[in-house]
Each structure stands twice: as structure tokens, then as C-alpha cells.
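Q: I should like a close look at a single part of this molecule, described in terms that a first-year student can follow. Please explain each term as it arises.

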Amino acid sequence: MDERHGTLPMQEIATVELPTRRATTRLGRWLAQGVIAGDLVVLTGGLGAGKTFLTRSVARAMGVGPEIRVTSPTFTLVHEYETVPRLVHADLYRVSDGSEVDQLLLREMRAHGAVLFVEWGEPYLRELGGDALLVKLEMSGPSRAATLVATGPRARQWSSRALPNKLMVRADDKQD
Ligand SMILES: Nc1ncnc2c1ncn2[C@@H]1O[C@H](COP(=O)(O)OP(=O)(O)OP(=O)(O)O)[C@@H](O)[C@H]1O
Ligand SMILES: [Mg+2]
């Protein structure tokens with residue numbers, strides 16, 4: 001399915017159910033195994049939806065040890081981890097316009113091979129360099145679901161990777 005989002009083509013990949021934190025951790029591991037240098041993953045969903053939790057799972061799966069805290073970059077805006085490729089975790093909740101995003105040099109980090117995980121980044125896809133895998137987290141009670149959407153050619157390649165067996169893919173999902 002192709003939709004227009006501004007001028008960026010959007011393609012829905014799948015929706016997975018995340019009834020437990022363990023399921024979200026599995027999704028994080030899958031993301032960690034699939035990222036390549038320069039990737040952009042943008043996390044959307046309301047307060048407490050699990051954006052930081054998912055990114056922490058990615059960081060752990062990329063080898064960030066338990067002695068290193070993976071916390072929300074709400075105030076610092078950007079946290080970096082010495083993984084290969086380098087993981088950059090940003091939270092743009094407190095940013096008010098695109099020029100502030102430009103000043104964070106996230107696009108440049110990406111160009112130098114970092115993998116970006118950006119909370120509240122959807123309004124700034126252009127400043128982040130586009131071609132994002134959007135992970136849209138929805139909350140319903142204690143449960144969560146994640147819809148994966150690609151906004152460009154690199155992100156579309158995620159659709160060719162099988163999701164982990166133990167993650168339930170929503171049946172009514174459009175997989176075209
Ligand atoms: N299935 C689940 N997946 C992820 N988190 C879950 C799940 N069930 C419960 N939680 C809890 O929900 C909370 C998610 O908080 P988190 O800080 O990750 O949210 P966030 O989306 O980053 O919020 P914010 O917009 O404030 O940054 C955590 O306390 C986590 O333990
Ligand atoms: Mg957060």
C-alpha cells in the first residue's frame with residue numbers, strides 16, 4: 001500500500017502485537033539484527049507507549065552492556081552508544097522546529113554511518129534525511145502494538161525480513 005505523507009511515499013510493512021515487554025524486547029532484537037550503517041528508525045506513539053523501552057532493547061541487543069544505563073534522552077536530546085554501527089538515540093519531544101533538529105547534526109551522524117533511533121521524530125523526517133522505518137507504537141491498556149511503515153527505498157527492504165516467529169502479526173494486516 002502506498003500513501004502520500006507530504007511528498008514522501010509511505011508503505012505499511014506489518015503490524016505486530018506486543019502484549020508483553022518480552023514481545024517488545026523481541027522486536028528490539030529483530031531491529032538490532034537488521035540495522036545497517038546509516039539507518040533511520042523513527043518511533044511514534046504517545047507518552048509511555050514504549051519508544052524508549054524498545055530502543056533500550058535494541059541497544060542491549062547491539063551489545064550495550066548492563067553496566068551502561070540506557071535512559072530517555074528527553075532533556076539531553078541525544079545519547080550515543082559505542083556499538084558497531086554506532087547507535088544514536090534521540091528524543092525530539094522538546095524540539096520546536098526543524099532548525100533545532102539541524103543543529104543536533106543527526107543527519108550528519110547518519111551520513112557518517114550511525115544508526116539513528118529517534119523518538120517523536122515524525123515531523124522532522126526531512127531534517128533527519130528521510131527514508132525512515134517508522135515504528136508506530138499504540139497502547140491499549142497494558143498491551144501494545146507496533147505498525148512498521150517504510151518511507152523510502154532502504155526502509156522498504158525491512159519488508160523482506162521475516163519477523164520473529166513468536167511475534168504475532170495482526171491478521172488483518174495488508175502485506176502488499
Ligand atoms: N508491551 C510493552 N512494551 C513496552 N513497554 C511496556 C510494555 N508493557 C508495559 N510497558 C511499560 O511501558 C513503559 C514505556 O515507557 P517508555 O519510557 O518506553 O515510553 P516512551 O514511549 O518512550 O514515552 P515518552 O514519550 O515519555 O518518551 C515502561 O515503563 C514499560 O515497562
Ligand atoms: Mg521515551
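A: The account below takes up one helix, its surroundings, and then some details of the backbone.

The model is predicted, so local features need pLDDT of at least 70 and side-chain atom pairs count only at pLDDT 80 or more, whereas totals for chains, interfaces and linings use all residues. Residues are numbered from 1 along each chain as its sequence is written, and chains are lettered from A and ligands numbered from 1 in the order in which they are written.

Helix H1 covers residues 21-34, which is 14 residues. Helices (H or I, at least four residues) and strands (E, at least two) are DSSP runs, numbered from the N terminus. From its first C-alpha to its last, H1 reaches 20 Å, close to the 20 Å expected at 1.5 Å a residue; the expected span is 1.5 Å times one less than the number of residues.

The buried residues in H1 include Ala 23, Thr 24, Leu 27 and Trp 30. A residue is buried if 20 or more other C-beta atoms, placed from the backbone, lie within 10 Å of its own, exposed if 12 or fewer, and partly exposed in between. An α-helix has 3.6 residues a turn, so residues three or four places apart point the same way.

Thr 24 is also among the closest of the 17 residues that surround ligand 1, together with Gly 50, Lys 51, Thr 52 and Phe 53. A residue is near a molecule if its C-beta atom, placed from the backbone, lies within 6 Å of it. The elements giving two or more residues to this shell are H1 and helix H2 (51-61). The shell divides into six nonpolar, seven polar and four charged residues. Ala, Val, Leu, Ile, Met, Phe, Trp, Tyr, Cys and Pro count as nonpolar, Asp, Glu, Lys and Arg as charged, and the others, Gly among them, as polar.

The axes of H1 and H2 come within 8 Å and cross at roughly 50°. H1 is therefore oblique to H2: angles under 35 degrees count as roughly parallel, over 145 as roughly antiparallel, 65 to 115 as roughly perpendicular and the rest as oblique. Axes are lines fitted to C-alpha atoms, for helices over the stretch in contact, and angles run from 0 to 180 degrees between N-to-C directions.

Beyond H2, Leu 77 sits in the loop between H2 and E4. Its phi is near 70°, a positive value in a residue other than glycine. Because Leu 77 has 18 C-beta neighbours inside 10 Å, Leu 77 counts as partly exposed.
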